[in-house]
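Q: I've never met this one before. Could you pick a single loop to begin with, then walk me outward from there?

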Amino acid sequence: MSNTPMAASPLTRAVLEIDEYASGLGWDQPARLFALVDTARLKAQEPSLAAQLGLGDEQETTGFTPIEQDEIATDKPLDEFLATIAWPDAVAGCALTVERLMLPPSAEAQVPQDLNEAQLATWVADHPERQEVRMTVAVLRDGARDSALRLRAKDSPTEVVTGSELVPGLADALRATFED
């Protein structure tokens, strides 16, 4: 967490840690799913796993430790995949990092009507104002959420934008993975 501000909330720190990890992998990566576990609980209940994750020597025990899950299935849409997830009680939250193309709000009026999903994706990909963005969204069981957005055109830790309502639809989908 070298670039993560210590004054940030534990959830924001986890989001920024995941963003930094994803940034180190470069662009054009698949979506990645993370379980968020309470660091103090992990150290107390699973000391060998905590040591494996490099948490044994850290003084700080507040916050969340992201644990990357198996690869996300690419044979179905992301929302359908998320609907299949159920987390054990030890998981305090989850996070997802995914890359997408986005258009500025000014382009909304230009979107042709009656496009299917594939046609819309092609239209957006060909649009001159498109931006590649990496979104990292995290939610906790209690409903808390946070996000980080990084534009490929401004790929720098100082250019990452954070906020709880940046990607509400994805946050809602992740929150649903904790519902019975």
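A: Aspartate 114 sits in the loop between strand 3 and helix 5 (117–126); helices and strands here are DSSP runs of at least four (H or I) and at least two (E) residues, numbered from the N terminus. This is a predicted model, where local features need pLDDT of at least 70 and side-chain atom pairs pLDDT 80 or more, while totals for chains, interfaces and linings use all residues. Numbering starts from 1 along each chain as its sequence is written, and side-chain values use heavy atoms, with hydrogens and water left out.

Aspartate 114 has a relative accessible area of 80%, so it is exposed (that's over 50%; buried is under 20% and partly exposed is in between, with a 1.4 Å probe and protein chains only). Its phi is near 65°, a positive value in a residue that isn't glycine. Aspartate 28 also has a positive phi, near 60°, and isn't glycine either. You'll find aspartate 28 in the loop between helix 1 and strand 1, and because its relative accessibility is 56%, it counts as exposed.

Now on to strand 1. Arginine 32 belongs to this strand, which covers residues 32–38. With 16% relative accessibility, arginine 32 counts as buried. Its side chain makes a polar contact (N or O atoms within 3.5 Å, one able to donate a hydrogen and the other to accept it) with the side chain of glutamate 68, at 2.8 Å. Another polar contact, of 2.9 Å, joins the side chains of arginine 32 and glutamine 29. Leaving out residues up to four places away in sequence, arginine 32 touches a set of residues including Tyr21, Leu25, Ile72 and Thr97, where touching means heavy atoms within 4.5 Å.

Tyrosine 21 leads us to the rings. The structure has two aromatic pairs, meaning ring centres within 6.5 Å, with planes under 30 degrees apart called stacked, over 60 edge-to-face and the rest tilted. In one of them, tyrosine 21 and phenylalanine 34 have ring centres 6.0 Å apart and planes at 90°, so this pair is edge-to-face. Tyrosine 21 is in helix 1 (residues 10–25) and phenylalanine 34 in strand 1, so the pair ties together parts 13 residues apart in sequence. Tyrosine 21 is partly exposed at 37% relative accessibility, whereas phenylalanine 34 is buried at 4%.

Tryptophan 87 and phenylalanine 178 make a stacked aromatic pair, 6.1 Å from centre to centre with 20° between the planes. This pair links distant parts of the chain, 91 residues apart: tryptophan 87 in the loop between helix 4 (78–82) and strand 3, and phenylalanine 178 in the segment after helix 6. Tryptophan 87 is buried, with a relative accessible area of 13%, and phenylalanine 178 counts as buried too, at 11%.

Last stop, the sheet. Six strands form an open sheet in the order 2-1-3-4-5-6, with antiparallel pairing; strands pair if DSSP finds at least two bridges between them. Strand 2 (64–68) and strand 6 (161–163) are at the edges with a single partner strand each, so one side of each has no neighbour in the sheet. Strand 6 runs antiparallel to strand 5 (residues 145–151), and three bridges join them. Serine 147 has glycine 163, in strand 6, as its bridge partner.
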